[in-house]
Protein chains: 2
Amino acid sequence: MTEYLYQRLASALRQQIEQGVWQAGDRLPSIRALSSDHRMAKISVQKALHTLEASGLIEARARSGYFVSPRAVRAGGSQTGDTDSPRTVNLPQLFHEIMARSAAFDLCPGAQLGSPAPHLLRLNRHLGRALRHQPGRKAIYYGDPDGLPTLREQIGARYRSRGCPLDPAEIAITGGCQNSLFLALMACCQPGDTVAVESPAFYGVLQLLQQLGLKVVEIPACPVRGVRAEELEAAVRRWQVKVCVLTPSYATPTGATIPVEEQRKLVALTRRYPLTLVEDDIYGDLGFHLQAEPLKRFDTLGKVILCGSFSKSLSRDLRLGWISGGQFHRRIVQLKLINQLSVSQATQEGLTSFLAEGHYKRHLASVRRQLMNQRDQLVDAITEEWSGPYAHTLPEGGLSLWLELSPAVDTKAAYQALLAHNIVITPGALFTTSSRFDHCLRLSFCQPVTGVRRQAIARIASVLGHQSP
Amino acid sequence: MTEYLYQRLASALRQQIEQGVWQAGDRLPSIRALSSDHRMAKISVQKALHTLEASGLIEARARSGYFVSPRAVRAGGSQTGDTDSPRTVNLPQLFHEIMARSAAFDLCPGAQLGSPAPHLLRLNRHLGRALRHQPGRKAIYYGDPDGLPTLREQIGARYRSRGCPLDPAEIAITGGCQNSLFLALMACCQPGDTVAVESPAFYGVLQLLQQLGLKVVEIPACPVRGVRAEELEAAVRRWQVKVCVLTPSYATPTGATIPVEEQRKLVALTRRYPLTLVEDDIYGDLGFHLQAEPLKRFDTLGKVILCGSFSKSLSRDLRLGWISGGQFHRRIVQLKLINQLSVSQATQEGLTSFLAEGHYKRHLASVRRQLMNQRDQLVDAITEEWSGPYAHTLPEGGLSLWLELSPAVDTKAAYQALLAHNIVITPGALFTTSSRFDHCLRLSFCQPVTGVRRQAIARIASVLGHQSP
């Protein structure tokens, strides 16, 4: 992890704020004091403070210094209650509806999009070239069930650069990250088995558990720092938890990132218990400041199954993901074979040359900047349009933030009401099998929060009864 | 089904030969006699005889007339024994190997291919155009989980033209025919359930049963006329068979086609028993003379699940298929959603315009001609190079024929020996969980049987001990 000094300071201050050392409204030490305490140049201190300010965690007040913003959700500040006992999953139609509405990551799916990013045009050129290369051979032979070796090398190289060396032989290409999660759970579970998830959890995983006949245990997760190893261990001891699905970096819906020390402890549990971790790394490339390192790097026994794709960082229409299945890898490749034989060779080839020429890396730099700006636009819009008791997370990456509203608010009802205005929100009910997030809401900053999307934020506040006077 | 007079006569004669009315070596009635008996012009009778001759079923002898060829496998002529009781599926590594070797349909996977067919270049232009259309939108939104409505209309129209009207709302787009079979079995079975298959069966289905923890009952199938309803009914009465997977037209490995009356009886079983039929229609478009009509057209209760794709008829690299799930359709779409979210929109769009402009239909006409010629090349090569007791099927469509050799022959051993010569055969052992086809062999006519592939036929004969002196 290449971390600049200013980033280290920003992280330290963020942690202190999250842990309540500095509380909402508190004044932070002066630049001079921080510079002297941390033995770093004032310019670096300033950069750290600007980072925290950009993320909405602190506010500058003219001639008074920096103050902790009142809206930031603090670590541990949101108690989601005890872990419920395992239950079969029986989700309402809403879950299917929201996945079918691929719009779940866009507030206003009907609204105009900007002109396509240059990287998409370039990606298309690579895909088009691959289509034209040996079309006769591609038409007659299915691709390698493990996936194109050169693509697996490229993906292995990316993980190496993220501190997690993976042999291409340990990587298989799949039909997307959801497909990888499906294969992972099929490979290591039998119907009736118990699977732990972070709570709130990704709705795609909850639906998977339902369709595969698996029981769920929801582990309360901090909206900032995710699941703690201690809580997972308690669940594993109490119930026969076979698998835990985790999104260590920039998880949906909260944007939570599990701290490195906690990651290490989570993986250590796989050495003490018959437990497999399924790591959903789909947001791993979308850190605004830091390059997230996957859980998988601590895995010495092959008990972490890593799943990822380029869908959130590059294009959802590639329909291509990957999996590194540890002990389960051979079984997973066999399942993949009978599930769908192989993945389009043209897509794999086109993507490989796009990656090999460095376009993805360049694209990531710009998409991270863009997402951070859009997150700030979203926070600004909320700050201006909303009132009443609410708090939101300030993710350092990913695509969405999490809002906790007054307990009386019903975001599921608001979802229905807002559909009439062509606005799609993702109510908290989608991220649990319980009712504990009925007053919560995920908002995405996947699109610029300007124009109709800016107006939508005001409309949502009004439907929820949280509008500014 | 548009059937010409000469085709009707050809079918009648074929049936008589298959039923043993005319036996190997018998002389057929003269052209004059047939013309008078069937009240049709001599030219039509000649055309019928040429058709049968082209398919190797009869031979012309100068100034003597037409004789039944000694090599044609007759219906019911091949007894595969009784139906075994249900068993769990435990396949050797060979099954995985042969699927991984996408070469299973090409004798000589290393050999040169001809220049790509013009339709592939055209298909690529359609796919390329679709890639360039709204790339930004495609990158941000997942496609409709049911699949692109216009593509579903095109597929519905094709089935209408095959005598099986399907509403686009009853069709979902999947990641290929194997993916459709997977979804079908997941939707209607629980682990431990018993599934009937035709014997010999497609190895992809046997592997599916293994991975999904399903038990198999193999129903002996005639290599020419497939499974009989009576035999399936006996199995259903004796064991709790929940599902039967059938390939009614040009099944792999034999090329068998279930006659219309038998199809009707098979579907009627679903009205009397708690039985679902899964129809594998992947070869349905590859009839040389007739347009095959699917089983599904007799389905009034939604108990036939139709699965298909363009992989065998157009390109394996599309990675796109379809399913029409009857009673199970909604469950299947939900499974598909959690299995892989959606299928590439660019591929769906490109394929839609290719179909809508009539290119697929034109392509089919030429691919059917080509496959028939290649089948004849293969039969010629076998006739010239092979000796000893053997018999082969003469499929009227599809991609492969089936050889039965001397009982002492072990085609699995031959498979290993031939790999050293870069020749890939598909031994009979791949099409059963028993050993009853160890002396059988599938040979594909997917590629022209010229050059090295022609030499491979001689090499196979020699390795099997069936070479001509």
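A charge counts as sitting over a ring when NZ of Lys or CZ of Arg is within 6 Å of the ring centre and within 35 degrees of the ring normal. Keep that handy for the first exercise, and remember that the model you're looking at is predicted.

**Exercise 1. Find which ring the charged end of A:R316 sits over, and check the distance.**

Step 1: Go to A:R316 and look across to chain B, where the ring of B:Y142 lies beneath the charged end.
Step 2: Check the distance: the charged end is 5.8 Å from the ring's centre, and the cut-off is within 6 Å.
Step 3: Try the idea again inside chain B, where B:R61 lies over the face of B:F67, 4.0 Å from the ring centre.

**Exercise 2. Work out which strands stand at the edges of the eight-stranded open sheet in chain A.**

Step 1: Write down the strand order, 3-6-5-7-8-9-10-4, and note that the pairing is mixed.
Step 2: Look at the ends of that order: strand 3 (87–88) and strand 4 (172–174) each have a single partner strand, so one side of each has no neighbour in the sheet.
Step 3: Now zoom in on one pairing. Strand 8 (residues 276–280) and strand 9 (residues 304–309) of chain A run parallel and are joined by four bridges. Here A:E279 stands opposite A:L306 of strand 9.

**Exercise 3. Say which strands helix 7 and helix 8 of chain A lie across.**

Step 1: Start with helix 7 (residues 149–161), which lies across strand 4, strand 9 and strand 10 (321–324). Helix 7 runs at about 100 degrees to strand 4.
Step 2: Move on to helix 8 (residues 177–188), whose list includes strand 5 (194–199) and strand 7 (241–246). Helix 8 runs at about 160 degrees to strand 9.

**Exercise 4. Describe the aromatic pair of A:F182 and B:F182, and explain why the pair joins two chains.**

Step 1: Set the scene: the whole structure has 19 aromatic pairs over all chains.
Step 2: Classify this one. A:F182 and B:F182 are 5.8 Å apart centre to centre, with 65 degrees between the planes; over 60 counts as edge-to-face.
Step 3: Locate the partners. A:F182 lies in helix 8 of chain A and B:F182 in helix 8 of chain B, so the pair joins two chains.
Step 4: Buried or exposed? A:F182 is buried at 0% relative accessibility, and B:F182 is buried at 0% as well.

Methods. Residues are numbered from 1 along each chain as its sequence is written. Chains are lettered from A and ligands numbered from 1 in the order in which they are written. This is a predicted model: local features need pLDDT of at least 70, side-chain atom pairs count only at pLDDT 80 or more; totals for chains, interfaces and linings use all residues. Side-chain values use heavy atoms; hydrogens and water are left out. Two strands pair if DSSP finds at least two bridges between them. Contact means heavy atoms within 4.5 Å. Axes are lines fitted to C-alpha atoms, for helices over the stretch in contact, and angles run from 0 to 180 degrees between N-to-C directions. Rings of Phe, Tyr and Trp (its six-membered ring) pair if their centres lie within 6.5 Å; planes under 30 degrees apart count as stacked, over 60 as edge-to-face and the rest as tilted. Buried means under 20% relative accessible area, exposed over 50%, partly exposed in between (1.4 Å probe, protein chains only).
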